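Here's a quick briefing to read alongside the model. Keep the viewer open and follow along.

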Amino acid sequence: MSKPKTKRKSKKTFERLDGRKVDELRPITIETGVIPNADGSAYIEMGRNKIVAGVYGPREMHPKRLSKPNMGVLRVRYHMAPFSVDPRRSPAPSRRDTEIGMVMSNALAPALFLERYPRSVIDVFVEIIQADGGTRCASINAAAVALVDAGIPMKDLVAACAAGKMEGNIVLDLGDYEDKKGEADVPVAYMPKLEEVTLLQMDGILSVEETEEAIKMAIEGCKKIYEIQRETLKKKYGMTEGESVAEAEETETDEEPEEPVEKPEEEAEADEE
Amino acid sequence: MSNNIVSRLKRKKIEEVLDAGTRMDGRGLLQYREMTLKTNYLEKSEGSAEVKLGKTHVVIGVKAGLGTPFDDTPDEGVLMVNAEYTPVAHSTWEPGPPPEGAIELARIVDRGLRSAEILNMEDLGLVSGEKVYIVFVDLYVLNWDGNLIDACGAGALAALRNAEIPGYKVSKTNEVSETGKTIKLKLRCEPVPITIYKIGSHFILDATADEEEVADGRLTVTFDEKGNITTMQKSGSVGFTLDEIKKCINIAKEKAAEIRSLTVASK
């Protein structure tokens, strides 16, 4: 762990490793319908993160004792492929994975109408194919789109990204190196329409002012990602601004999710890294 | 956050009482139950603390031993926090692998200590890549009546502050042997986690098991003694607005100082 630097360098001289501005996101592309077997799915590339999210359900809960009599359960499994990081990691779930699955569920559940699915479960499976810092946020972005793709009614989309501190500067969307060497990391998930933060974690050392600055910067990043998520969904479901309201209502009442229009591209599993 | 009929009735009652500005046990919304903290009361562990917070009862044990460092930090010792939900602590707790709650508890306390860099890990290295100190902090829950994060966080700090670990020396041929003396762990800071629970529009501190069960969510903020935040964790399936987050940070900052002074007094 690096020692926190107390000196704040002037923003002009500070350069990020990949040349980004302090408040600039890494390039993001999202694709829906990548897993034909799933009820809904999405693939996200956020920087060098490559992540697949698949949604099954609402369906019967197994084991039954985990179900709730008056509402559905959103169960998220976050899992990293052994080859997603260097050195190889064991495929067995770690404590970190369990915790991230839990915080992801908490981040996404506020957007759903779980009271509509008593005794049922909505399963979200997230596979990290390649990790590049900020996997939990990228996973939430993909999972939110996958939930929409599954035809599950939602109050709002959930977008997520982190802000943090690197060499004394508050920066947006930490990459792998910044994540490891930076002084702090603040992942945030946000529902832009409802203006609610649904995931908030923090590791590192920050003053109260810096913490607030980081949260605000992350929220701005989430708003940008929200637009990318919307564009992705519009592209898939062919909605234009004019007809979006009627169409959205139609999908809400629709039990069956729409069939993927085209065969999904092979996901970039044969990754060049 | 359970949803059976009993907890829905409970929720109704608890919210009614909160609306009236008080709690089921008569406390104020931001008032803690009485916390008692006893340290170094176990002989066979290197450091220990017993925390009682109302009926919540946890024991924290610090053990240190030798082990191999992680590949990516060959010169650094290891600090590990583990939480056990013992079946004795509550009627709904069963033996078996740790449930999500226990893992989250351990992780929040762990991150609170480690991201604050409470120990200089390089001081705990002995032979690069081969032998380092491993410091285990075990959080052992004996009775659950809510607010485990704050109880365990305070207890872990108190136990580490009082811990004396066996000293080792390294010979020229990199042989590691015990010196027969103990050394005190040097703490570089004093992080204390404070958890604020959200029930409807109310924010409360030190929730009981009943309050925890019906709460919509919570936010844990760990403060060090310099007023820096070292860990945050939002949990539960509701969102917080930015203003609510700011409010929680302010509540936590004030309370953390108070709880920290308790852990000092326990010396």
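What follows covers the chain contact, the sheet and the helices that pack.

Bear in mind that this is a predicted model. The big theme is a sheet with strands from both chains: an open one of eight strands, ordered E7(A)-E6(A)-E8(A)-E9(A)-E12(B)-E11(B)-E9(B)-E10(B) and paired antiparallel. The chains meet through 32 residues of chain A and 34 residues of chain B.

**Where the chains meet**

- On the chain A side, helix H1 (95–108), strand E9 (196–206) and helix H4 (208–237) each put in at least two residues that touch chain B.
- E9(A) gives the most to that side, with 11 residues.
- By type, the residues on chain A's side come out as 17 nonpolar, eight polar and seven charged.

**The sheet**

- The link between E9(A) and strand E12 of chain B (residues 229–235) is made by four bridges, with the two strands running antiparallel.
- If you want a spot to zoom in on, A:Met202 has B:Met232 in E12(B) as its bridge partner.
- On its chain B side, E12(B) is joined by six bridges to strand E11 of chain B (residues 217–223), again antiparallel.
- Within that pairing, look for B:Leu219, which sits opposite B:Lys234 in E12(B).
- Strand E7 (169–172) of chain A and strand E10 (202–205) of chain B are the edge strands; each has a single partner strand, so one side of each has no neighbour in the sheet.
- Ignoring direction, neighbouring strands in this sheet are turned by 20° against each other on average.

**Helices on the sheet**

- H4(A) packs on the sheet and touches strand E6 (159–166), E7, strand E8 (184–191) and E9 of chain A, plus E12 of chain B. The direction of H4(A) makes about 145° with that of E6(A).
- H2(B) packs on the sheet too, touching E9 of chain A along with strand E9 (192–199), E11 and E12 of chain B. The direction of H2(B) makes about 160° with that of E12(B).

**A helix pair in chain B**

- Helix H2 (residues 100–115) and helix H3 (residues 148–161) of chain B pack at an angle of about 40°, and their axes are 10 Å apart.
- That angle is why H2(B) and H3(B) count as oblique to each other, and their crossing is right-handed.
- H2(B) brings B:Leu105, B:Ile108, B:Val109, B:Gly112 and B:Leu113 to the contact, where they meet B:Leu148, B:Ile149, B:Cys152, B:Gly153 and B:Ala156 of H3(B).
- The residues of this helix contact split into eight nonpolar, two polar and no charged.

Note on methods. Residues numbered from 1 in each chain as written. Chains lettered and ligands numbered in written order. Predicted model: local features only at pLDDT ≥ 70, side-chain atom pairs only at ≥ 80, totals over all residues. Contact = placed C-beta atoms within 7 Å. Nonpolar A, V, L, I, M, F, W, Y, C, P; charged D, E, K, R; others polar. Pairing = 2+ DSSP bridges. Axes fitted to C-alpha atoms, helices over the stretch in contact; angles between N-to-C directions. Parallel < 35°, antiparallel > 145°, perpendicular 65-115°, else oblique. Left-handed = near helix turned anticlockwise from the far one by under 90°.
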